[in-house]
Amino acid sequence: PAGEIVRFNHAAETFTGYAFDEVRARPFFWSRFLPPEQRDGVEAVFGKFHDGSLPEHYENHWVGRSGERRLFDWTNTVLKDERGVPRYLVTVGIDVTERRRAEDALRASELRFRQLFERNNAPMLLIDPEAGDILDANASACALYGWPHGELVGMKIQDINQLAPEAVAEERKKAVLERRNYFQFSHRLADGSVHPVEVHSTPVRVGDKDLLVSIVHDVSERRRVE
């Protein structure tokens with residue numbers, strides 16, 4: 001309860017660079033292992049040890065003797081005596097530094113993708129290559145097809161493409177395998193008209209799914225000129 005270290009395993013020694021004898025019975029936890037800006041927060045969490053409201057999980061950084069800073073996910077277990085009084089806190093840390101960096105990078109990547117997708121002047125569709133579901137459409141795509149976003153999203157590409165459904169499915173498979181990313185189709189618009197389009201499809205990983213981003217160009221006017 002005083003915050004003194006009474007056990008310190010080999011993994012803790014390896015990361016921190018301190019031998020157990022150097023930290024035994026000392027509140028090194030506050031003064032050495034925590035970055036200054038996180039000490040108050042961690043001390044406040046530790047204070048909940050006494051009233052039984054200590055969270056099972058908590059994340060904070062540790063700084064080793066070398067100055068290396070790593071993020072740990074701690075699992076806390078309170079050991080009580082026969083009267084139910086908290087006596088010790090056993091906390092097991094998992095180094096999640098690389099996982100968090102990967103998650104942050106993924107979020108940043110997805111944000112850049114989202115901004116590129118939504119703000120692009122070219123009509124763009126996000127498609128599930130397996131089922132053909134239109135999962136998202138930017139404003140330019142809604143303007144091209146004539147359906148509001150809420151209707152266009154939820155349709156299948158088969159509802160728009162004038163090829164036979166099995167032929168559309170085969171073209172999607174080719175796109176996923178990157179054998180071909182350029183297609184010429186005829187797409188139906190909301191007013192019932194059919195327009196020739198050129199589609200450039202690129203596989204993209206969104207979250208844990210492999211999807212297709214399709215950029216659609218209406219080439220009706222060009223065809224008339226030709």
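Two residues are in contact when heavy atoms of one lie within 4.5 Å of heavy atoms of the other. Keep that cut-off in mind for Val 63. Setting aside neighbours within four places in sequence, Val 63 is in contact with Arg 32, Phe 33, Pro 35, Glu 68 and Arg 69. The model is predicted.

Start with the whole chain. The protein chain has 9 helices and 8 strands. Its C-alpha trace spans about 85 × 40 × 30 Å along the principal axes. The radius of gyration is 29 Å. A compact globule of 226 residues would have a value near 17 Å.

Next, the surface and the interior. Of the 226 residues, 36% count as buried. The protein chain exposes about 13600 Å². Carbon and sulfur atoms supply 52% of that area. Charged side chains come in both signs: 31 are positive and 37 are negative. The centres of the two sets lie 3 Å apart. Now take the contacts between residues at least 6 apart in sequence. Of these, 38% join residues at least 24 apart.

Return to Val 63 for its setting. Val 63 is found in strand β1, which covers residues 57–63. Its relative accessible area is 18%. Buried means under 20%, so Val 63 is buried. Ala 169 is 106 residues from Val 63 along the chain. The C-alpha atoms of these two residues are separated by 53 Å.

Phe 20 is another buried residue, with a relative accessible area of 16%. Phe 20 has its place in helix α2, residues 20–23. Phe 8 is 12 residues away along the chain, and the two C-alpha atoms are separated by 5.7 Å. Phe 20 also touches Phe 8. Its other partners, not counting residues up to four places away in sequence, are Ile 5, Val 6, Arg 7 and Glu 13.

Now follow helix α5, residues 97–119. Does its length fit its residue count, and what span should it have? At 1.5 Å a residue, the 23 residues of α5 should span 33 Å. The end C-alpha atoms are 33 Å apart, so the two values agree.

Which residues of α5 are buried? They are Thr 97, Phe 113 and Phe 117. The buried residues of α5 pack against six strands by name: β2 (69–80), β3 (86–95), β4 (124–127), β5 (134–137), β7 (194–206) and β8 (209–218). A general point helps in reading any such helix. An α-helix has 3.6 residues a turn, so residues three or four places apart point the same way.

Arg 100 also lies in helix α5. Is Arg 100 buried or partly exposed? Its relative accessible area is 23%, so Arg 100 is partly exposed. Leaving aside neighbours within four places in sequence, Arg 100 is in contact with Glu 59, Leu 71 and Arg 107. Glu 59 is 41 residues from Arg 100 in sequence. In space, the two are 11 Å apart, C-alpha to C-alpha.

How values were computed:
Residues numbered from 1 in each chain as written. Predicted model: local features only at pLDDT ≥ 70, side-chain atom pairs only at ≥ 80, totals over all residues. Heavy atoms only, no water. Helix = DSSP H or I, 4+ residues; strand = E, 2+ residues; numbered from the N terminus. Rg over C-alpha atoms; globule rule 2.2 N^0.38 Å. Buried < 20%, exposed > 50% of the residue type's maximum accessible area, 1.4 Å probe, protein only. Areas by Shrake-Rupley, 256 points an atom, 1.4 Å probe, with all protein chains shown as cover. Lys, Arg positive; Asp, Glu negative; His and termini not counted. Charge placed at Lys NZ, Arg CZ, Asp CG, Glu CD. Expected span 1.5 Å × (residues − 1).
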